[in-house]
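Biologist: Could you take me closely through the place where the two chains meet, with the cut-offs behind each term?

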Amino acid sequence: MIKKAFAMDIQHDPELHTVPPDRGAMDQQPKWRRDFPIDAVQDAYVARRDFTKYLGLTSLAFVVGQFWIALQSRWRRARGRAPIVAIGKLVDLPVGEAVSFHYPTESDPALLIRQDETTLLAYSNQCTHLQCPVLPEFDSGRLHCPCHRGYFDMQTGRPLAGPPRRALPRITLKVQDGTIYATGFEKERA
Amino acid sequence: MDAKHFFIDPNRCIGCKSCVEACSECDTHKGHSMIHLEYVDRAASPQTVPVVCMHCDTPTCAEVCPADAIKRTGDGVVQTARKPRCIACNNCVLACPFGVPKMNVGFELMMKCDMCYDRTSVGKSPMCATVCPSRALHFGTWEEIERLRPRSTPQNVFRFGRQEVRTKVYMMVPRDAGVEYVDVAAALNADDDSSASTSVAQEDLMLLNILQ
């Protein structure tokens, strides 16, 4: 069917010039010659069947993607709550000092800050711009990323200046019997 | 308006290289000259031949391209290899019976004469034809060439051994020769059997010496 249509095109379309080297009929030629036409018009031509095939495959890919997303979120839920990790003793951390730790895994640096006697704050220590470690500046109440002069609010983790646009993920804390525990991440704030 | 064709008349070429320079000025050639100015037999004669792409109906360059990179547009002009496809394998350079494609090693791209596509597609002459002082390269209508060259006739069928090629570009051949095709390989065979044509060449050489 397609073969015939192609041969017809060659005869009637003034933009198609291809003559096989043996000067025979186009429908007598090997398949590769029809698959790789020399004329740009024929090269750019997309048969309805091919178009439909790609349409079907693309929709199928979208469907698979949707299922993948659903599975991912299910797995995330199944993985359960963030771990509770002991960071250290409250008495070891004087007011106006910070200590780094790792949460939730050993490869995620985090920062524990004791702003005053009653305020304990913990953030992921990776700047939301390019993951440089941030440093606390107690005088101005900010967290400073020296890589590109990014600043975050120490109280909330919101970006104040520089390239970062997203807040530092805040880690929720719990103090029990003089020990500080990291218990999870605060929900993303708008 | 009548359709314009490209006519090449090697007899009229004076070897001034204007076409070579003009070719590199064309916008579609990226500053590279795509025309070849060849000496027929440099030791014997100063005769030169301009070689542009003949734009075959069955382009050997495209036939041998393993990357499907050489395409011909609707008006029958075989274009430079497509950059995203060309793998710079040199197959086309070796295969073209006219020796037209050039490999641009820096670009990793085969570039060839595209008849100044930006110009001829809007009815202007190719750069080489606009500058040729002797009209060895002529871009015009059929009537024009009949009037201008009463002793020549355009020919566009070429034979390379068993391969026959019909081209979009015409070569002017003597009208009274009455040939049906240009047998390109004949000259090679004539050298081998040292027959009449060789003696003609020798006569030419003598004539040249006398003239000098």
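**The interface of chain B and chain A**

Modeller: Eleven residue pairs, both members at pLDDT 80 or more, are found by the rule in polar contact across the interface of chain B and chain A, a polar contact being a pair of N or O atoms within 3.5 Å, where within protein one must be able to donate a hydrogen and the other to accept it, and residues adjacent in sequence count only if both atoms are side-chain atoms. On the chain B side of this interface, helix H2 (60–64) and strand S8 (163–174) each supply at least two of the residues that touch chain A, and S8(B) gives the most, with three residues; helices (H or I, at least four residues) and strands (E, at least two) are DSSP runs numbered from the N terminus. By class, that side of chain B has ten charged, four polar and four nonpolar residues, where Asp, Glu, Lys and Arg count as charged, Ala, Val, Leu, Ile, Met, Phe, Trp, Tyr, Cys and Pro as nonpolar, and the others, Gly among them, as polar.

This is a predicted model, in which local features need pLDDT of at least 70 and side-chain atom pairs count only at pLDDT 80 or more, whereas totals for chains, interfaces and linings use all residues. Residues are numbered from 1 along each chain as its sequence is written, chains are lettered from A and ligands numbered from 1 in the order in which they are written, and side-chain values use heavy atoms, with hydrogens and water left out.

The rule also finds six salt bridges across the interface, a salt bridge being a side-chain nitrogen of Lys or Arg within 4 Å of a carboxyl oxygen of Asp or Glu. One of them joins the side chains of B:Asp57 and A:Arg23, at 3.1 Å from N to O.

In extent, the contact (heavy atoms within 4.5 Å) takes 17 residues from chain A and 18 residues from chain B. Between them the two chains bury about 1300 Å², 44% of it on carbon and sulfur atoms, where buried area is the accessible area (1.4 Å probe) that two parts lose on being put together, summed over both. Of the area that chain B buries against chain A, 42% comes from B:Glu63, B:Arg72 and B:Gly74, more than from any other three residues.

Beyond H2 of chain B, the loop between H2 and helix H3 (91–95) holds B:Asp68, which has a positive phi of about 60° although it is not a glycine.
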